[in-house]
Amino acid sequence: PLPQSPAEKQKFQSLLSKISDGEMRSIVIEAAMDNLPDLIRDLFCESNPWRNPSPWYCPDLLSVLIDAMELHARRVEQQWAHTEIFKIIFDRIDYSVTEKRLVKIVGQARTGKTEACEAFAKAYPGRVRLVSTPPGNSKRDLFMAIGEAFGIPLTAVNALARIGETVQYIVRHGRLGIIFDEAQFLLPSPGSHVHTPARLDWIRCNVIDRKLPCVLVCTPQTFNHFVRDLRDKRGYNFDQVLGRIDLNVNLPDTLEKDDLAEILRTHGAGIPQKLQPFLLSAVLINGKKDSLVKAFEAVCCRARHLARRDGSRAISQADLETAVSEVIPAGAAPAATVPTRSGRTRQTVSGRLTNSPAPEMRPEREITPVSGAAPAREIRPLTNQPA
């Protein structure tokens, strides 16, 4: 029973102050494991003759919990940009988890792969976990990353054998799917003296061969380079791993304009609606097509900082112009329009090449920099005259 009188409360507080945070955590966890299941059953799943006879209890707790999980998933999904890449990754991970298959997803860097995987893992924590594969050849580092994803309390001072046994037990009996982001790091890096991929062999034996859902997410250049080095120079047979892949997914290399507008919706918090078309055009014209997602995020963050620094005012067009000039390097290859020798242009943002008359190229007005920043370089029109 809880203390009632002031003297009892003071004595109770004195006892609590002598218990460390770790001891209190252990006491609460032990009490919850012992009493919580019975308490939930008594309160929600069974009627009590000593209570009001009205239907206060929950006869179908399982369906309520499932509905709550689906509501949580929808709330998490709304926080991310639903680009075409996002939808493809969600569908393929769902396939891997539902059918317990091995899926490999290959896509260029900075196109939103990791964000989509992170969104799925946060939306469905009871189905899959996301592991950020660390570089190098150390199995300890891989075990620590898996343990962090599963919430296993591991420390670097633990023996490698003990860490491996703990991770192996949780992975096998937890039956959760695993997404390995930056999966190329499961292979020994070229130039190392390791002749067999110990990390990949461990995953093959403890995850793939046990029919657990597994998704490998990587960039094409790095993964293929690692595979070619290990196969050609060291004679490793990749058929025992790559032959088990049920689905190879190649993501689009470019983003459609609708995808970029969706990214702006999620990353452009605080950007006035009337300024969003200007921001979209500015990033498309000045940014590189293989890093537009990062450019949008960085420009929006910088513009918000400029407005907040001047007294938390509303973001202005001048803030966006300054952010674009500071975030995107001068001289970056345009992502929207590329001039050709014939005087016509190619549209490359959407991934489709379309010829159209080249617009008149005039010098852009000089952008007034913020205090302490270097003056913006004037962009002069391109000509065919020798320098």
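**Helix packing and the sheet**

Biologist: How are α6 and α8 set to each other?

Modeller: α6 and α8 are oblique to each other. On the cut-offs used, angles under 35 degrees are roughly parallel, over 145 roughly antiparallel, 65 to 115 roughly perpendicular, and the rest oblique. This is a predicted model, where local features need pLDDT of at least 70 and side-chain atom pairs count only at pLDDT 80 or more, while totals for chains, interfaces and linings use all residues. Residues are numbered from 1 along each chain as its sequence is written, and side-chain values use heavy atoms, with hydrogens and water left out.

Biologist: What's the angle between α6 and α8, and how far apart are the axes?

Modeller: About 45 degrees, with the axes 9 Å apart, for α6 at residues 139-150 and α8 at 198-208. Axes are lines fitted to C-alpha atoms, for helices over the stretch in contact, and angles go from 0 to 180 degrees between N-to-C directions. The helices (H or I, at least four residues) and strands (E, at least two) are DSSP runs numbered from the N terminus.

Biologist: Is the crossing of α6 and α8 left-handed or right-handed?

Modeller: Right-handed. That is the call if the near helix is turned clockwise from the far one by less than a right angle; anticlockwise would be left-handed.

Biologist: Which residues make that contact?

Modeller: From α6 it's K139, D141, L142, F143 and I146, and from α8 it's A198, R199, W202 and I203. Contact means heavy atoms within 4.5 Å. By class, the contact of α6 with α8 has six nonpolar, no polar and three charged residues. Nonpolar covers Ala, Val, Leu, Ile, Met, Phe, Trp, Tyr, Cys and Pro, charged covers Asp, Glu, Lys and Arg, and the others, Gly among them, are polar.

Biologist: And α7 against α8, what are the numbers there?

Modeller: The axes of α7 (residues 160-174) and α8 come within 10 Å and cross at roughly 40 degrees. That makes α7 oblique to α8. V167, Q168, V171 and R172 of α7 meet W202, N206 and V207 of α8. That contact splits into four nonpolar, two polar and one charged residues.

Biologist: Switching to the sheet, what's the strand order?

Modeller: It's an open sheet of five strands, β2-β3-β4-β1-β5, with parallel pairing; two strands pair if DSSP finds at least two bridges between them. The edges are β2 (128-132) and β5 (247-250), each pairing on one side only. From one strand to the next the twist averages 15 degrees.

Biologist: How many bridges join β1 to β4?

Modeller: Five, between residues 102-106 of β1 and 214-218 of β4. L102 stands opposite C214 in β4.

Biologist: What does α6 lie across?

Modeller: β2 and β3 (177-181), running at about 145 degrees to β2.

Biologist: Now aromatics: how many pairs are there?

Modeller: Four. F86 and F90 have ring centres 4.5 Å apart and planes at 25 degrees, so the pair is stacked. Rings of Phe, Tyr and Trp (its six-membered ring) pair with centres within 6.5 Å, and planes under 30 degrees apart are stacked, over 60 edge-to-face, the rest tilted.

Biologist: Where are F86 and F90 in the helix, one to the other?

Modeller: Being four residues apart in α4, F86 and F90 are separated by about one helical turn.
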